[in-house]
Amino acid sequence: LVVDCERTRGYVLRRMGRHGDAQAAFERAIEIRQRLGEHGDLEHLHADLAQLHITCGRASQALASAERAIAASKRAADPRAEARALFLLESACLRLGFSSRADEILTQIEGRPAAHVEGRILCRRAELALFRGRTQEARQLIDRSDLLLPKTDPERTALHAMQWSLSGSPT
């Protein structure tokens with residue numbers, strides 16, 4: 001119960017923009033879970049922390065947290081959590097400039113059974129194409145992802161904004 005409270009506290013604090021406090025809450029939840037010798041939802045807690053690090057621009061810390069999330073999801077035999085953690089790892093790698101590693105991770109994710117995986121892969125490949133300066137390729141990938149993801153998907157809308165800011169015209 002205490003772990004769930006700290007995790008919820010972390011979510012609320014993250015939404016309020018209090019990232020330092022959110023990080024402390026997620027880390028406390030992880031510490032309590034490990035101290036009790038329970039593996040429970042460690043894969044999700046580490047992924048939440050990785051997402052926070054990405055939001056704050058701390059790609060190196062996000063990379064480490066995503067790797068811990070992957071290891072925990074493998075122990076828990078949770079393929080959906082592993083796919084989420086791999087997306088976070090790919091995002092951290094891209095932000096660190098490891099585009100080849102990011103591409104390898106996307107290839108690793110393909111074919112995994114998880115909700116909206118194909119659409120997310122297209123979004124991530126579009127971001128990778130934008131990173132490499134291939135705006136036409138990115139535009140095509142975004143158009144394909146639009147068919148697979150809901151219009152309200154945050155990754156999809158963020159990618160549209162990024163594409164627009166780079167190209168100078170709305171799509």
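This short talk describes two residues and one helix of the structure shown above.

The model is predicted, so local features need pLDDT of at least 70 and side-chain atom pairs count only at pLDDT 80 or more, whereas totals for chains, interfaces and linings use all residues. Residues are numbered from 1 along each chain as its sequence is written, and side-chain values use heavy atoms, with hydrogens and water left out.

I begin with helix α4, residues 59-75; helices here are DSSP runs of H or I, at least four residues, numbered from the N terminus. Helix α4 has 17 residues and reaches 24 Å from its first C-alpha to its last, close to the 24 Å expected at 1.5 Å a residue, where the expected span is 1.5 Å times one less than the number of residues. Among its buried residues (under 20% relative accessible area, 1.4 Å probe, protein chains only) are A59, A62, L63 and A66. The buried residues of α4 pack against α3 (42-55) and α5. After α4 comes A77, with a positive phi near 55°.

Next, where is E90 placed? E90 lies in helix α5, residues 79-95. E90 counts as buried because its relative accessibility is 0%. Its side chain makes a polar contact with the side chain of R124 at 2.5 Å; such a contact is a pair of N or O atoms within 3.5 Å, and within protein one must be able to donate a hydrogen and the other to accept it, while residues adjacent in sequence count only if both atoms are side-chain atoms.

Finally, A29 belongs to helix α2, residues 19-35. A29 and E6 are 23 residues apart in sequence and 5.5 Å apart in space, C-alpha to C-alpha.

Technical notes. Helix = DSSP H or I, 4+ residues; strand = E, 2+ residues; numbered from the N terminus. Buried < 20%, exposed > 50% of the residue type's maximum accessible area, 1.4 Å probe, protein only. Contact = heavy atoms within 4.5 Å.
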